[in-house]
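Student: Before we discuss any labels, could you put the model on the screen, so that each term can be set against its value?

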Amino acid sequence: MCGIIGYTGPRVAREVVIAGLRRMEYRGYDSAGVAIVADGRIEYRKKAGKITNLDAELAVHPLPDAGLGIGHTRWATHGGPTDANAHPHVSANGRVALIHNGIIENFATLRAELQASDVVFASQTDTETAAQLLGREVAAGTDLADAMRAVCARLEGAFTLVAVDAQEPERLVAARRNSPLVVGVGQGENFVASDVAAFIEFTRHAIELGQDQVVDVTPTSITVTDFAGNLAQTHPFEVTWDLSAAEKAGYDWFMRKEIYEQPGAVADTLLGRYHPDGSLKLDELHIPEAELRLIDKIIIVACGTAYYAGLVAKYAIEHWTRIACEVEIASEFRYRDPIITGSTLVVTLSQSGETADTLMAIRHAREQHAKVIAICNTNGATIPRESDAVIYTHAGPEIGVASTKGFLTQVAACYLLGLYLAQVRGTMYDDEIHAVMGELAATPPLIQKVLDELDPIKQLAADFLGKKSVLFLGRHVGYPVALEGALKLKEIAYLHAEGFPAGELKHGPIALVEDGVPIFIVVPPQGRDQLHDKVVSNIQEVRARGALTVVLAEEGDAEVEPYADILFRLPRVSTLLQPLVATVPLQMFACELATLKGYDVDQPRNLAKSVTVE
Ligand code: F6R
């Protein structure tokens, strides 16, 4: 997500801040900005695009030297990547500048309240509501830290906030809820940042802020409280990583880091979308409900991993909405003359928002008068811009070429869309929607549980180093999970791998099974029609022919035990939600195997993160 840095001390704050922003460039961003406090005023510069654009702006309109400054690299969520939406945001009264990482869920209500009292907004961001609220408090005479606590009490969602006051040239105040923040402890100077990479050049002493804490920082003091103002315990630590490890938060690869970010990424994607009245918030360009009621066919169009997320979504969308749903590889879509009418809804999935095949499919669909909803992770990218509506997945930037959190968040966003359509069209009762939303909201800790128990998968990679081919089997939503598991292995471990629907085995692929061939099998939860028992039979079939079976089955499923050479337990979830937990071990297996083989996991050969050519 966004990169945040704040500095107070004897150095030139602007320089410290810009250097810190550069060190956080790896996080991905689409605008950058800096604010300083000098002569009782806040001065700031901010630009869309890379830090070089900000450099150019500073060259033309320099900032004075000052000892207090904050800076930000933004990954757009609310409002496109423009100069105005870039951080810092300065309150209309000029008193405070504020930067933010996260999502303020109730910003629309707060913004309306502020506008009703004649506050004029300069951006479309959720962040600016916090800046305006804080500016109002401070102008009313409230101490900056008290004001921050008062504002935090009004915010819902996830946030790290850092603010400075024009009248306090040495003090910055920061707050944290569900979003990272560390304090860098120097001698006669201090730092706050979203990760240690930002200040590692200056100090290796750090304090990690806890949940719902506020830190009040001057060059010589650091005071941490909870949101109620009670002094809080701090957790000091020494940074032992070098810079490149620090960028990856201590992980060896961005891919591994992104695998571990999945609980938060799914939670953020769900955050603030669903209201108890059943309405879903589409980020931009609403399609009227009356038009959605007329939809008679859905076509999901995407490439690669996003296509597999679409295959998962089809099961849920058809089940919940009773609308026929096709899933199509984008590069095939427009060349087969698909049947599209004004009542066709095309849903495109794209992490980058720039995939040329998907974009061409959108253009084709819109020429045929279909409505297009994009599910995308990159705010302001071409695909959402060219679509009628967009639901952003809030996964944060994905740097590793192989998509991981992109997949899980695409599935989550598709489910939100499916439930929304079901609600609009009356194909599910509100209590049914509510129950599924409850289950979805409960998945992040379950994903975390899978992550916490991955050691056997890592060991497995070491045992499978010499294998020439790996097969993956699944049924129902487990089938696209099998495809995704195979794709990950091909992409980063350069290993032949195939995914099949388990029922197709006997129609051909079973001929591939011989002694020692590893086969991963995703077993559906027990009690789902006869699906579970059918898959257990499939495991027996391949094992009888010498396969080495790696079985992913839910906790408590004893039926698989006799046939599993290796058994990996998944948390108990309903069938449709199982991909959110079952994909994770397969991602990690590929990451681990590629690491052991000595390959560049983040930049596999011949692949690009954003495929902008057809
Ligand atoms: C696989 C992978 C690719 C992408 C595909 C679509 O790990 O990363 O298969 O999923 O190129 O990319 P987006 O989602 O950016 O359209």
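**Reasoning from value to label**

Tutor: In this predicted model, strand E1 (residues 3-8) and strand E10 (residues 190-193) run antiparallel and are joined by four bridges. Within this pairing, Tyr 7 has Phe 191 in E10 as its bridge partner.

Student: What makes E1 and E10 count as paired strands?

Tutor: Pairing requires at least two bridges between two strands, and E1 and E10 are joined by four, so the two strands meet the criterion. They belong to an open sheet of eight strands, ordered E3-E2-E4-E1-E10-E9-E11-E14, in which the pairing is antiparallel.

Student: Why are E3 and E14 said to stand at the edges?

Tutor: Strand E3 (41-48) and strand E14 (235-238) each have a single partner strand, so one side of each is left without a neighbour in the sheet. From one strand to the next, the twist averages 20°. Helix H2 (residues 51-60) lies across E3, strand E2 (31-38) and strand E4 (68-74), and runs at about 135° to E3.

Student: Why are H3 and H4 called oblique to each other?

Tutor: Helix H3 (residues 107-116) packs against helix H4 (residues 127-139) at an angle of about 45°, with the axes 9 Å apart. Angles under 35 degrees would count as roughly parallel and those of 65 to 115 as roughly perpendicular; the angle of about 45° falls in neither class, and the pair is therefore oblique. The crossing of H3 past H4 is left-handed.

Student: Which residues make the contact between H3 and H4?

Tutor: On the H3 side they are Phe 107, Leu 110, Arg 111, Glu 113 and Leu 114, which meet Thr 129, Gln 132, Leu 133 and Arg 136 in H4. By class, the residues of this contact divide into four nonpolar, two polar and three charged.

Student: Why is His 369 called exposed, and why is Tyr 494 called partly exposed?

Tutor: Exposed means over 50% relative accessible area, and His 369, with 61%, is therefore exposed. Buried means under 20%, and Tyr 494, with 21%, is therefore partly exposed. His 369 lies in the loop between helix H12 (356-367) and strand E18 (371-376), and its phi is near 75°, a positive value in a residue other than glycine. Tyr 494 is placed in the loop between helix H18 (478-493) and strand E21 (496-501), and its phi, near 50°, is also positive in a residue other than glycine.

Student: How do you know that the peptide bond from His 87 to Pro 88 is cis?

Tutor: The omega of this bond is near 0°, and the bond is cis. Pro 88 has its place in the loop between E4 and strand E5 (89-90).

How values were computed
Residues are numbered from 1 along each chain as its sequence is written. This is a predicted model: local features need pLDDT of at least 70, side-chain atom pairs count only at pLDDT 80 or more; totals for chains, interfaces and linings use all residues. Side-chain values use heavy atoms; hydrogens and water are left out. Axes are lines fitted to C-alpha atoms, for helices over the stretch in contact, and angles run from 0 to 180 degrees between N-to-C directions. Helices (H or I, at least four residues) and strands (E, at least two) are DSSP runs, numbered from the N terminus. Angles under 35 degrees count as roughly parallel, over 145 as roughly antiparallel, 65 to 115 as roughly perpendicular and the rest as oblique. A crossing is left-handed if the near helix is turned anticlockwise from the far one by less than a right angle, and right-handed if clockwise. Contact means heavy atoms within 4.5 Å. Ala, Val, Leu, Ile, Met, Phe, Trp, Tyr, Cys and Pro count as nonpolar, Asp, Glu, Lys and Arg as charged, and the others, Gly among them, as polar. Buried means under 20% relative accessible area, exposed over 50%, partly exposed in between (1.4 Å probe, protein chains only).
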